[in-house]
Amino acid sequence: MKVLHGIAAGEHTERSLILELALALAEDRRRDIARMTRDGLAAAAKRGRKGGRAK
């Protein structure tokens with residue numbers, strides 16, 4: 001694993017507890033963003049709005 005920024009910057013061959021926690025938090029945040037996006041698109045569809053680029 002290669003960490004690009006922050007206090008853990010560098011290459012790590014073994015996963016530490018801190019890195020595992022950071023990975024779990026990042027995955028959880030990614031799921032939250034995806035869920036909020038789906039919820040927002042569903043709410044817009046109920047209002048008759050369609051997502052995507054204008055023609």
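## Exercises on a salt-bridge network

In this predicted model, a network of salt bridges links Glu27, Asp28, Arg30 and Arg31.

**Exercise 1.** Work out how far apart along the helix Glu27 and its two partners Arg30 and Arg31 stand, and how their charged atoms meet.

*Solution.* Begin with Glu27 and Arg30, whose closest N and O atoms are 2.8 Å apart in a salt bridge. Both residues belong to helix H1, which covers residues 17–46, and they are three residues apart, about one turn of the helix. Next take Arg31, whose side chain meets that of Glu27 in a salt bridge at 3.6 Å, N to O; these two are four residues apart in helix H1, so about one helical turn separates them. Both distances fit the rule that the nitrogen lies within 4 Å of a carboxyl oxygen.

**Exercise 2.** Decide whether Glu27, Arg30 and Arg31 are buried, partly exposed or exposed.

*Solution.* Buried means under 20% relative accessible area and exposed means over 50%. Glu27 has 31% and is therefore partly exposed; Arg30, with 47%, is partly exposed, and Arg31, with 44%, is partly exposed as well.

**Exercise 3.** Describe the pairing of Asp32 with Arg35.

*Solution.* The side chains of Asp32 and Arg35 form a salt bridge, 3.7 Å from N to O, and the two residues are three residues apart in helix H1. Asp32 is partly exposed at 25%, and Arg35 is partly exposed at 39%.

**Exercise 4.** How many salt bridges does the count come to, and which pattern does the protein follow along the sequence?

*Solution.* The count comes to five salt bridges, and the pattern read along the sequence is β-β-α, with one helix and two strands.

Note on methods: Residues numbered from 1 in each chain as written. Predicted model: local features only at pLDDT ≥ 70, side-chain atom pairs only at ≥ 80, totals over all residues. Heavy atoms only, no water. Buried < 20%, exposed > 50% of the residue type's maximum accessible area, 1.4 Å probe, protein only.
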